[in-house]
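User: Hi! Could you walk me through this model?
Analyst: Happy to, here it comes.
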Amino acid sequence: MNRGALLKVVESRYARTDLPEFRPGDTVRVAYRVKEGNRSRIQNFEGIVIKVKRNGYNSSFTVRKVSYGVGVERIFPLNSPLIEKVEIVQRGRARRAKLYFIRELSEREIRRKLRVDRKRTGQDMDKAKGAAQEG
């Protein structure tokens, strides 16, 4: 067994499978566990996914939002146990894999560039209906 296959076997035990599939352009709400002193709490971070780096266990994704007129980006490790959940707020249709160009755009221009992907939104609704009927 070569080194890459061995790493895959070991890392697959720790990889998360409970997170939904999302792509750059989607608006997501990430519930992240933050530790402050001896207490921990859940903090939501909602924004547009501008980058997804897929590298096995070392995968990560970058979320950008504008808070009080200042752009804020945060990189989340995909397999982190500190991520409580990732909720997809809106599906976006982007024509690029990395959306660095939206850093220079205004909110209105971003909405125009990243149209709502109604096809994938409809698929999500169908999945939700199927899950509700089974359960």
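User: Thanks! Which strand is E87 found in?
Analyst: E87 belongs to strand β5, residues 83-90; strands here are DSSP runs of E with at least two residues, numbered from the N terminus. Bear in mind that this is a predicted model, where local features need pLDDT of at least 70, side-chain atom pairs count only at pLDDT 80 or more, and totals for chains, interfaces and linings use all residues. Residues are numbered from 1 along each chain as its sequence is written, and side-chain values use heavy atoms, with hydrogens and water left out.
User: What does E87 touch?
Analyst: Leaving aside residues up to four places away in sequence, E87 touches T27, V28 and R29, where contact means heavy atoms within 4.5 Å.
User: And how accessible is E87?
Analyst: E87 has a relative accessible area of 32%, so it is partly exposed, between buried (under 20%) and exposed (over 50%), using a 1.4 Å probe and protein chains only.
User: New topic: how many aromatic pairs are there?
Analyst: The structure has 4. Rings of Phe, Tyr and Trp (its six-membered ring) pair if their centres lie within 6.5 Å; planes under 30 degrees apart are stacked, over 60 edge-to-face, and the rest tilted. One of the pairs is F45 with F76, with ring centres 5.9 Å apart and planes at 65°, so it is edge-to-face.
User: Are those two buried or exposed?
Analyst: F45 and F76 are both buried.
User: Which aromatic cluster do F45 and F76 form part of?
Analyst: F45 and F76 share one with F22, Y32 and F61.

Terms used: Helices (H or I, at least four residues) and strands (E, at least two) are DSSP runs, numbered from the N terminus.
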